[in-house]
Amino acid sequence: MVEVHVGDVVRMRKPHACGGSEWVVTRVGADIGIRCLTCGRRVMLPRSRFEKRVKTVLGQGDVVK
Ligand SMILES: [Zn+2]
């Protein structure tokens with residue numbers, strides 16, 4: 001079980017299509033909402049898939065919301 005909170009920055013195992021691999025968590029629930037920090041694209045993932053894809057939870061960063 002990966003513990004994440006809204007505002008946490010996470011690093012994914014596979015880079016996004018834009019080349020970025022860091023995302024900010026925008027929503028936590030049955031689905032996890034994340035936004036790519038490089039291109040700003042928003043994605044919703046079922047928690048089970050999110051947990052398989054996430055590599056590191058970097059915690060709350062100085063992220064521009
Ligand atoms: Zn991206």
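Which residue in β2 does R11 stand opposite? It's E22, and the views below show the surroundings.

This is a predicted model, where local features need pLDDT of at least 70, side-chain atom pairs count only at pLDDT 80 or more, and totals for chains, interfaces and linings use all residues. Residues are numbered from 1 along each chain as its sequence is written, and side-chain values use heavy atoms, with hydrogens and water left out.

**View 1. Four residues hold the zinc ion.** The protein donors (N, O and S atoms within 2.8 Å of the metal, or 3.2 Å for Na, K and Ca; water is not among the atoms, so sites may look incomplete) are H16 (ND1), C18 (SG), C36 (SG) and C39 (SG), 2.0 to 2.4 Å from the ion. Their angles of 104 to 115 degrees make the arrangement tetrahedral (four donors, all angles between 85 and 135 degrees). For four tetrahedral donors, the ideal angle is 109.5 degrees.

**View 2. C18 is partly exposed, while C36 is buried.** C18 has a relative accessible area of 36% and C36 has 1% (buried is under 20%, exposed over 50%, partly exposed in between, with a 1.4 Å probe and protein chains only).

**View 3. Five strands form an open sheet.** Strands here are DSSP runs of E, at least two residues, numbered from the N terminus. The order is β4-β3-β2-β1-β5, with antiparallel pairing (two strands pair if DSSP finds at least two bridges between them). β4 (42-46) and β5 (54-60) sit at the edges with a single partner strand each, so one side of each has no neighbour in the sheet.

**View 4. β1 and β2 run antiparallel.** Three bridges join β1 to β2.

How values were computed
Tetrahedral: all angles 85-135°; square planar, octahedral: opposite > 155°, others 65-115°. Helix = DSSP H or I, 4+ residues; strand = E, 2+ residues; numbered from the N terminus.
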